[in-house]
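Visitor: I would like a close look at one part of this protein. Please take the salt bridges, and then show me what surrounds them.

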Amino acid sequence: MFKFVLASVVLCGLAVTSSEASACLNPDVKTNFYSTSDATIVSQIGFVTEFTLKCSNAGAEKLPLFAEVLGKLAPVVRIGDNKYQVSWNEEIKKASSGKYEIRLFDEESFAAVRKAQRAGEDTSSVKPLTTLAVHFPGAYKGPWINSEILATGLVGFVAYVAFMTRSKLVA
């Protein structure tokens, strides 16, 4: 019986130690942000954020991560050593220029987010692993006046001037 209790205590200690080692402590994040810059021929704006994650405890960088952007969950993909990528799309009318916050979660905090969503509660109370802030400058949506309308107006103006000049010469 003593051996069973001792083995249970050792296994519990190892489980606690391994769960602490897998949690990222003091995350240091560096980001690169890319987005669609020309929205004249697309129906949605694409956003891509690449980031590197470094933790103060060694070996914790290879954690599975999850993201929340604009209240929606987005996939996080590992693309290299300590390098991750989050991407999402937004309709042109809804995509406004300005700051976007990306909340990153580890498995434990992501489970809390999913639980809050299922219960219909606000997910902002769940503490993320870290939050990324990216700035979207906006996308070019085309000229204020289409070239066809400008050309039609110019032709109308030239025709008006020609007609007025002709009527002055004939009179």
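Guide: What follows starts with the overall layout, moves to the salt bridges, and then turns to their surroundings.

The model is a predicted one. The protein holds three helices and seven strands. Along the sequence they run α-β-β-β-β-β-β-α-β-α. Of the 171 residues, 27% are buried. Take the contacts between residues at least 6 apart in sequence: 67% of them join residues at least 24 apart. The accessible surface is about 11900 Å². Carbon and sulfur atoms account for 60% of that surface.

Now the salt bridges. Side chains of opposite charge can pair when their charged atoms come close. How many such pairs does a search of the whole structure find? It finds four salt bridges. Three of them are described here, including the pair of Glu68 and Arg103.

Start with Glu68 and Arg103. Their side chains meet at 2.9 Å, N to O. Glu68 lies in strand S3 and Arg103 in strand S6 (residues 98-105), so the pair ties together parts that are 35 residues apart in sequence. Are the two partners buried or exposed? Glu68 has 7% relative accessibility and counts as buried. Arg103, with a relative accessible area of 13%, is buried too. The cut-off for buried is under 20%.

Another residue touches this pair. Thr123 is in contact with both Glu68 and Arg103. Its further contacts, leaving aside neighbours within four places in sequence, are Val113, Ala116 and Gln117. Where does Thr123 sit? It is in the loop between helix H2 (107-118) and strand S7 (130-136). Despite its place in a loop, Thr123 counts as buried, at 12% relative accessibility.

Next, Lys72 and Glu90. Here the closest N and O atoms are 3.7 Å apart. Lys72 belongs to strand S4 (residues 72-80) and Glu90 to strand S5 (residues 83-91), so this bridge ties together parts 18 residues apart in sequence. The two ends differ in burial. Lys72 is partly exposed, at 46% relative accessibility. Glu90 is buried, at 9%.

Glu90 also leads to strand S2. Gln44 is found in that strand. Not counting residues up to four places away in sequence, Gln44 touches Asn89, Glu90, Glu91 and Ile92. Gln44 itself is partly exposed, with a relative accessible area of 37%. The C-alpha atoms of Gln44 and Lys93 are 8.7 Å apart. Along the chain, those two residues are separated by 49 residues.

The third pair is Asp28 and Lys30. Their side chains meet at 3.4 Å, N to O. Asp28 is partly exposed, with a relative accessible area of 37%. Lys30 counts as exposed, at 53%. The cut-off for exposed is over 50%.

A covalent link comes next. The whole structure has one disulfide. It joins Cys24 to Cys55, with an S to S distance of 1.8 Å. Which parts of the chain does the disulfide link? Cys24 is in the loop between helix H1 (2-22) and strand S1 (28-35). Cys55 is in the loop between strand S2 (44-54) and strand S3 (66-69). The two cysteines are 31 residues apart, and the pair links distant parts of the chain. The angle about the S-S bond is -105°, and the link is left-handed. Both Cys24 and Cys55 are buried.

Last, helix H3. This helix covers residues 147-170. Its 24 residues, at 1.5 Å each, should span 34 Å. The end C-alpha atoms are 34 Å apart, which agrees. How many of its residues are buried? The number is zero, so H3 lies largely in the open. Val158 is in this helix. Val158 also helps to make a nonpolar surface patch of about 720 Å². The other residues of the patch are Leu154, Phe157, Tyr160, Val161, Phe163 and Met164.

To put the part you asked for together: the bridge of Glu68 and Arg103 joins strands S3 and S6, and Thr123 touches both partners. The bridge of Lys72 and Glu90 joins strands S4 and S5, and Gln44 touches Glu90. Asp28 and Lys30 meet at 3.4 Å.

Key: Residues numbered from 1 in each chain as written. Predicted model: local features only at pLDDT ≥ 70, side-chain atom pairs only at ≥ 80, totals over all residues. Heavy atoms only, no water. Disulfide = S-S within 2.5 Å. Helix = DSSP H or I, 4+ residues; strand = E, 2+ residues; numbered from the N terminus. Buried < 20%, exposed > 50% of the residue type's maximum accessible area, 1.4 Å probe, protein only. Expected span 1.5 Å × (residues − 1). Contact = heavy atoms within 4.5 Å. Patch = residues over 30% accessible without salt bridge, like charges linked within 9 Å, V, L, I, M, F, W, Y side chains within 5 Å. Areas by Shrake-Rupley, 256 points an atom, 1.4 Å probe, with all protein chains shown as cover.
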